[in-house]
Protein chains: 2
Amino acid sequence: VNRGQVITSRRNPQVVAAAGLHQVSERRERRLTLLEGPHLVGEAIAAGIRLEVVFALADTEIPPGSRLPLDIVSVTEPVLERIAGTRSPSGPIAVMEIPPSLPLANQPTVVLCGVADPGNSGTLIRTAAAFGYQVAVTPGSADPWAPKVLRAAAGGHFRTQISRIDQSPAEAIARAGLTGIALVVHGGDALDLPFDGLPALLVGSEAHGLDAECFAAASHRVTIPMAAGESLNAAVSGAIAMYHYR
Amino acid sequence: VNRGQVITSRRNPQVVAAAGLHQVSERRERRLTLLEGPHLVGEAIAAGIRLEVVFALADTEIPPGSRLPLDIVSVTEPVLERIAGTRSPSGPIAVMEIPPSLPLANQPTVVLCGVADPGNSGTLIRTAAAFGYQVAVTPGSADPWAPKVLRAAAGGHFRTQISRIDQSPAEAIARAGLTGIALVVHGGDALDLPFDGLPALLVGSEAHGLDAECFAAASHRVTIPMAAGESLNAAVSGAIAMYHYR
């Protein structure tokens, strides 16, 4: 554990490199992302995730008993703010390797089909981990490894598989032997319709619903019954469906 | 409809009075709150909610056919920003009367017991409206009439009853003839335990769970089954329980 020197310059190359990870292009290219806050960093360490480095204020106490097979770099508050991109960040910020995206397994799955809100994406990932679902993400969705998504998922990323679908969702679902079930606001079947195999639940964007590619991946369409004129948040409807089919 | 003059001063008394409604104390005292954005203002108008005034940029088009029994005050962008408290607010901002808090009815109910996050509170209110639940809110929760809660609820406020519980939750629930059911993370019964009457689902804070007063209001404790070590967002667990007992 290296706590000898304190970085005081916001232009330090290591600081600039970390702050760059707020950009999706940098995250993709370098296969790294940022974990912000003691809770999330603690969850990652507990899950045995490989962290490249942890930045923390010089006076941050490292809880006794934490296994920290990594460098802790002490920084000043302005430097921590530069890395966090926010004022008064709450505690350590870690740089984490993004795990490789594996093909979908034959396992209950939630597919984020254009879910653009980072809070909703993170909540869906957290719920997927709680109910034993793997997560698939189409290109029109929020980057699942964005710091805001990681924060909303509260550690769910470390306990479930997250796959990017870059080709057609229909192909990825078929290859894994799953049954595509689209969640639609109106006009779908009841949730308890019978189907064969394990579900791949397709959750669309709140603003625009499911796009044509995601519809093409669904052999069934289901609607959560609700009062006339009402709607549900995308994370809530995905969660109810995951709960129902768990 | 008064669109004669344009307010250009951020110190205009009407502007200052509206901007003050970001403070909970002002909302309580004046029984008014703010609705931000075309979607929410449109929902309120459609629901027949009484609006005191709508502030909008001078060039905002009023959609033909909208019934607008109210004053529209034209303002400049800096003035709209002052009222919104954010940069580049998206469209009109309305001042709305907060409806009176009625006693709980004998009807399915979700009780927000210390839910402090405005996004979670709003999502719970939206979900309650979708599944036909009334909403009760304890003093330790986010103000249900805060602009952020209104935004997250996407119009749910206009289509369900929202009651403040200022005395004991146990008393309010008993007086309405409801059965208090606490949602707990660990150790509760299965959701399908039998009970008499209609449920009052008690949802606690994510950080601290339910407080002693809310526990005292529950005759049953239930836990949503999930993988070991996992947890759910408060809005998600409340939504799953509302769906289950709808």
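**Entry 1: the two copies**

By what turn and what shift along the axis can chain A be laid on chain B? I noted at the outset that this is a predicted model. Then I looked up the superposition. A turn of 180 degrees, with a shift of 0.0 Å along the axis, lays chain A on chain B. The RMSD of that fit is 0.0 Å. I wrote down that this is the relation of a two-fold axis.

**Entry 2: the contact surface**

Next I asked how many residues each chain brings to the contact. I found 24 residues from chain A and 24 residues from chain B. Of the interface residues of chain A, 100% are also interface residues in chain B, so the copies meet through the same surface.

I then turned to area. The size of an interface is often given as the accessible area lost when the parts come together. Here chain A and chain B bury about 2100 Å² between them. Carbon and sulfur atoms carry 56% of that area. Which residues of chain A lose the most area to chain B? I listed R126(A), E230(A) and Y243(A). Together they make up 29% of what that side buries.

**Entry 3: polar links across the interface**

I looked for charged pairs between the chains. The count between chain A and chain B is four salt bridges. I picked out one of them: the side chains of R159(B) and E230(A) meet at 2.7 Å, N to O. E230(A) was already in my notes as one of the residues that lose the most area to chain B. For polar contacts across the interface, I recorded 12 residue pairs.

Which elements give two or more residues to the side of chain A that touches chain B? I found α5 (118-131) and α9 (234-245) of chain A. α5(A) gives the most, with six residues. I also sorted the residues of that side by type: 13 are nonpolar, six polar and five charged.

**Entry 4: R27(B)**

Last, I looked at a single residue. R27(B) is placed in helix α2 of chain B, which covers residues 24-30. Is R27(B) buried or exposed? Its relative accessible area is 5%, and the cut-off for buried is under 20%. R27(B) is therefore buried.

Where does the side chain of R27(B) reach? I traced it to the backbone oxygen of L21(B), at 2.9 Å. I then checked what R27(B) touches, leaving out residues up to four places away in sequence. L21(B) is on that list too, along with H22(B), L32(B), T33(B) and I98(B). The others are D143(B), W145(B), A146(B) and P147(B).

Notes
Residues numbered from 1 in each chain as written. Chains lettered and ligands numbered in written order. Predicted model: local features only at pLDDT ≥ 70, side-chain atom pairs only at ≥ 80, totals over all residues. Heavy atoms only, no water. Helix = DSSP H or I, 4+ residues; strand = E, 2+ residues; numbered from the N terminus. Buried < 20%, exposed > 50% of the residue type's maximum accessible area, 1.4 Å probe, protein only. Polar contact = N/O pair within 3.5 Å; in protein donor to acceptor, adjacent residues only side chain to side chain. Contact = heavy atoms within 4.5 Å. Least-squares fit on C-alpha atoms with pLDDT ≥ 70 in both. Buried area = accessible area lost by both parts, 1.4 Å probe. Nonpolar A, V, L, I, M, F, W, Y, C, P; charged D, E, K, R; others polar.
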